[in-house]
Amino acid sequence: MSKKKSSLRWVLGVHSVTEALKAHPEWVHEVLLQEDKLQDFSDIEKLCKDKSFPLKTVGKKALNNLAGGHQGVAAAMKDRPQWDDSLIDNDKSLVVFLDGI
């Protein structure tokens, strides 16, 4: 796994990782797949190869060290772009930040 974890955000779970890889490929740092479940992740493995994402197979213990509920797959994503006040017109803009819906 990467030594530069502090600036990375981990996405866990089959569907979350798949969508993250499709929606924001420019943010992908690496993808981890559980070595004894590779047959379950052929779609993710193909997507990684097609997009040239770094792909590593690791043991379950390594994924458990990241978090529970990983389903055998995790993706390290580079930090998202930060908010920039220059993008809005302060007199006419309404900005709503949500952390979940």
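Start by selecting Q34 and showing its surroundings: beyond the residues up to four places away in sequence, Q34 touches F41, V58, K60, L63, H70 and G72. What you have open is a predicted model, so treat each stop as a look at computed coordinates.

**Stop 1: Q34 and its strand**

Keep Q34 selected and colour residues 28–34, the strand β2 in which Q34 lies. Is Q34 buried or exposed? Q34 is buried, because its relative accessibility is 4%, under the 20% cut-off for that class. One of its partners, V58, is worth keeping on screen along with K60, since the next residue to visit sits between those two numbers.

**Stop 2: G59, between β3 and α3**

Now move to G59. You will find G59 in the loop that links β3 (55–58) to α3 (60–66). With a relative accessible area of 23%, G59 is partly exposed. Add D36 to the selection and draw a C-alpha to C-alpha distance: the two atoms are 7.5 Å apart, while the residues are separated by 23 places along the chain.

**Stop 3: the whole chain**

Zoom out and switch to a cartoon view. How many helices and strands does the protein have? There are three helices and four strands, and starting from the N terminus their order is β-α-β-α-β-α-β. The protein has 101 residues, and 30% of them count as buried. Turn on the surface next: about 7,100 Å² is exposed, with carbon and sulfur atoms supplying 49% of that area. For contacts between residues at least 6 apart in sequence, 74% join residues at least 24 apart.

**Stop 4: A76 in β4**

Select residues 73–78 to bring up strand β4, then pick out A76 within this strand. A76 has 0% relative accessibility and therefore counts as buried. Which residues does A76 touch, once those up to four places away in sequence are set aside? The list is L8, R9, W10, W27, V28, H29 and E30. V28 and H29 fall within the residue range of strand β2, which spans 28–34, so β2 is a useful strand to show again here. Draw the C-alpha distance from A76 to H29 and you should read 5.3 Å, for a pair 47 residues apart along the chain.

**Stop 5: helices α1 and α2**

Next, show residues 14–23 as helix α1 and residues 42–51 as helix α2. Two packed helices are described by the angle between their axes and the distance between the axes. Here the axes come within 11 Å and cross at roughly 20°. That angle makes α1 roughly parallel to α2, and the crossing of α1 and α2 is left-handed.

Which residues make the contact? On the α1 side, show V14, V17, T18, L21 and K22 as sticks; on the α2 side, add I44, L47 and C48. Colour them by character and you get six nonpolar, one polar and one charged.

**Stop 6: E45, also in α2**

Stay on helix α2 and select E45. E45 counts as partly exposed, at 24% relative accessibility. Setting aside neighbours within four places in sequence, E45 is in contact with L33, L38 and L55. Then add L32: E45 and L32 are 13 residues apart in sequence, with 9.8 Å between their C-alpha atoms.

**Stop 7: positive phi at S52 and Q71**

Finish with backbone torsions. Select S52 in the loop between α2 and β3. What is phi of S52? The value is near 60°, which is positive in a residue other than glycine. S52 is exposed, with a relative accessible area of 63%.

Then go on to Q71 in the loop between α3 and β4. Q71, though not a glycine, has a positive phi of about 60°. At 43% relative accessibility, Q71 counts as partly exposed.

For a last view, bring back Q34 with its partners, including H70 and G72; these two numbers sit on either side of Q71, the residue you have just visited in the loop between α3 and β4.

Key. Residues are numbered from 1 along each chain as its sequence is written. This is a predicted model: local features need pLDDT of at least 70, side-chain atom pairs count only at pLDDT 80 or more; totals for chains, interfaces and linings use all residues. Side-chain values use heavy atoms; hydrogens and water are left out. Axes are lines fitted to C-alpha atoms, for helices over the stretch in contact, and angles run from 0 to 180 degrees between N-to-C directions. Angles under 35 degrees count as roughly parallel, over 145 as roughly antiparallel, 65 to 115 as roughly perpendicular and the rest as oblique. A crossing is left-handed if the near helix is turned anticlockwise from the far one by less than a right angle, and right-handed if clockwise. Contact means heavy atoms within 4.5 Å. Ala, Val, Leu, Ile, Met, Phe, Trp, Tyr, Cys and Pro count as nonpolar, Asp, Glu, Lys and Arg as charged, and the others, Gly among them, as polar. Buried means under 20% relative accessible area, exposed over 50%, partly exposed in between (1.4 Å probe, protein chains only). Accessible areas come from the Shrake-Rupley method with a 1.4 Å probe; for residues, only the protein chains shown count as cover.
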